[in-house]
Amino acid sequence: MVATAATWSDDVTNPLRDGSHLEQPLDPCVVVIFGASGDLAKRKLVPALFNLARDNQLPAGFAVVGVARSPMTDESFREHMHQAVTEFGGEAVSETVWGGFARNLFYVAEDFANTRQPSALPSRLAAIDAQCGTRGNHVFYLAMPPSVYPDIVRLLGERSIAGPAAPAGGWKRIIIEKPFGRDLSSARALNETTLHVFAEDQVFRIDHYLGKETVQNLLVFRFGNGIFEPIWNRRYIDHVQITAAERLGVEDRGAYYEEAGAVRDMIQNHILQLLCLVAMEPPAAFDAEAVRNEKVKVLRALRPITPNDIDQFAARGQYAAGSVAGTPVPAYRGEPGVSPQSTTETYAAVKFLIDNWRWADVPFYVRSGKRLPKQVTEISIQFRRAPHLLFGGTPADRLEPNVLALRIQPDEGISLKFVAKRPGTGLRVRPVNMDFRYGSAFGVRTPSAYETLLLECIRGDATLFARGEWVEQAWAHVMPLIETWQNVEPSDFPNHEAGSWGPQEADALLARDGRVWRRL
Ligand code: BG6
């Protein structure tokens with residue numbers, strides 16, 4: 001039985017419907033969440049959809065169907081989700097808005113991957129389409145353990161819910177959460193299975209970094225302003241640093257992290273996405289095809305790191321006990337779910353080179369780790385030094401080069417470091433910053449990455465999602481690291497204290513090139 005449904009427009013005026021809005025009206029649709037009783041649905045997805053509803057961003061006909069094994073009715077699912085939105089939505093929940101949203105929340109209690117039982121999902125979807133006016137437009141969100149992705153995708157096809165056998169009318173899209181495979185061959189296999197049921201333009205491989213405002217702003221900054229692009233190349237840029245530092249440890253995800261490590265967890269996806277956005281050529285248009293073509297070209301030009309080069313191009317670390325922000329924390333090997341002899345890296349630093357005209361000889365140093373002193377993600381573009389020194393009072397090595405820092409989070413913003421004359425007699429200089437801060441410049445609520453990405457998928461725009469080919473190329477680049485590190489056990493783990501900036505080898509990686517990591 002389908003509970004009473006109402007279209008969204010019964011309660012709230014939808015600005016997407018009136019002509020004053022610049023965007024095309026969105027098609028009505030159902031978002032089906034596989035894994036609806038899990039953490040992702042509770043912490044991110046349903047709060048994101050609710051926030052979109054509150055801001056009148058959802059289409060006129062809209063429903064959410066949760067699918068999971070836990071026995072729940074529509075009513076109890078709604079209660080759970082009300083708690084989730086209250087806890088994780090970020091703002092006080094208006095009960096009027098919640099009432100309208102909740103009426104179109106449904107739940108199907110089943111193990112969809114179990115082939116011995118028929119699925120109730122097709123008939124529920126048909127009934128919900130009829131009641132909510134969602135016209136057979138369905139987004140399937142895989143918020144489950146990655147090991148079941150292939151079965152779910154295959155069964156969506158076999159049960160005629162999506163794919164060539166699905167009833168005519170209405171579009172179907174699938175959102176696949178990271179990790180997209182755990183190595184190159186599993187990523188290829190998952191792409192293949194997925195592309196049996198869905199066409200590439202129906203597949204939305206999520207990387208939540210691409211939904212972050214500041215990451216999108218990177219493209220606007222580069223291609224919406226005339227003054228940066230002419231200097232965005234090897235003539236002016238000495239090197240680039242990308243840091244994704246976390247204060248947190250592995251929390252309750254020890255078992256997952258043991259199998260992943262920093263390269264799989266952060267470098268293969270988020271960090272390489274950032275690198276591509278910094279390094280790509282201007283696309284001919286801001287659309288999925290053009291932008292993603294340029295990003296793939298960057299990965300094609302990325303110099304492969306061979307197993308013999310690993311020590312020259314990468315460093316790994318694992319944190320020992322220490323203290324972060326004044327609080328003592330255990331070693332990684334002492335975290336729940338982690339082996340006391342674990343050789344999993346919780347820190348990785350890599351030097352990438354891009355073999356093309358724009359970037360020849362400009363290293364991109366990237367690093368990411370858990371239990372570092374600060375929670376900060378930043379891209380810094382380090383420019384070449386001024387060619388000739390006029391200011392005798394300042395030693396050459398104190399005349400710092402210009403740095404353009406793009407702060408992805410927190411304190412989102414952009415700053416440019418340059419030197420200025422110190423007030424007073426004599427000509428002495430000192431670095432100063434020109435600062436733009438997102439929060440104070442716009443003063444509006446920033447949507448979460450999941451809000452942005454869910455809306456883009458509903459809109460059918462895959463620009464901010466990873467294309468199959470990109471994912472495979474990214475895996476190909478990190479496989480030598482993963483395999484070599486797996487085969488050659490680290491003799492010195494744990495090799496840095498929690499609360500420090502990673503192992504000495506990471507500093508040596510830059511020191512060999514006469515450079516240092518930026519102090520953050
Ligand atoms: C996830 C990783 O993809 O990104 C986590 O699995 C990591 O380990 C997280 O903590 C970082 O995301 P953010 O948005 O907090 O930088």
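Is tryptophan 359 buried or exposed, and what is its relative accessible area? In this predicted model, tryptophan 359 has a relative accessible area of 0%, and because buried residues are those under 20%, tryptophan 359 is counted as buried. Phenylalanine 364, likewise at 0% relative accessibility, is also classed as buried. The rings of tryptophan 359 and phenylalanine 364 form an aromatic pair with an edge-to-face arrangement, their centres lying 5.1 Å apart and their planes meeting at 85°.

The count of aromatic pairs comes to 16. Ring pairs also join Phe34, Phe112 and Phe140 into a cluster, and one of these rings has a charged group over it, since the charged end of arginine 159 sits over the ring of phenylalanine 112 at 4.6 Å from the ring centre. A further contact of this kind involves lysine 351, whose charged end sits over the ring of phenylalanine 313, 5.4 Å from its centre.

A search of the whole structure for internal space found five cavities of 30 Å³ or more, and the largest cavity has a volume of about 120 Å³. The largest cavity is lined by 16 residues, of which Lys178, Phe180, Ile206, Asn269 and Val471 are the closest to its centre. Two or more lining residues are given by each of the elements α8 (254-279) and α13 (468-487), and α8 gives the most, with four residues. By class, this lining comprises eight nonpolar, three polar and five charged residues.

Technical notes
Residues numbered from 1 in each chain as written. Predicted model: local features only at pLDDT ≥ 70, side-chain atom pairs only at ≥ 80, totals over all residues. Heavy atoms only, no water. 1 Å grid on protein atoms, 1.4 Å probe; cavity = no way out; pocket = protein on both sides within 12 Å on 5 of 7 lines; lining within 4 Å. Points joined across faces, edges and corners; volume = space filled by probe spheres on them. Nonpolar A, V, L, I, M, F, W, Y, C, P; charged D, E, K, R; others polar. Phe/Tyr/Trp six-rings, centres within 6.5 Å; stacked < 30°, edge-to-face > 60°. Buried < 20%, exposed > 50% of the residue type's maximum accessible area, 1.4 Å probe, protein only. Lys NZ or Arg CZ within 6 Å of the ring centre and 35° of its normal.
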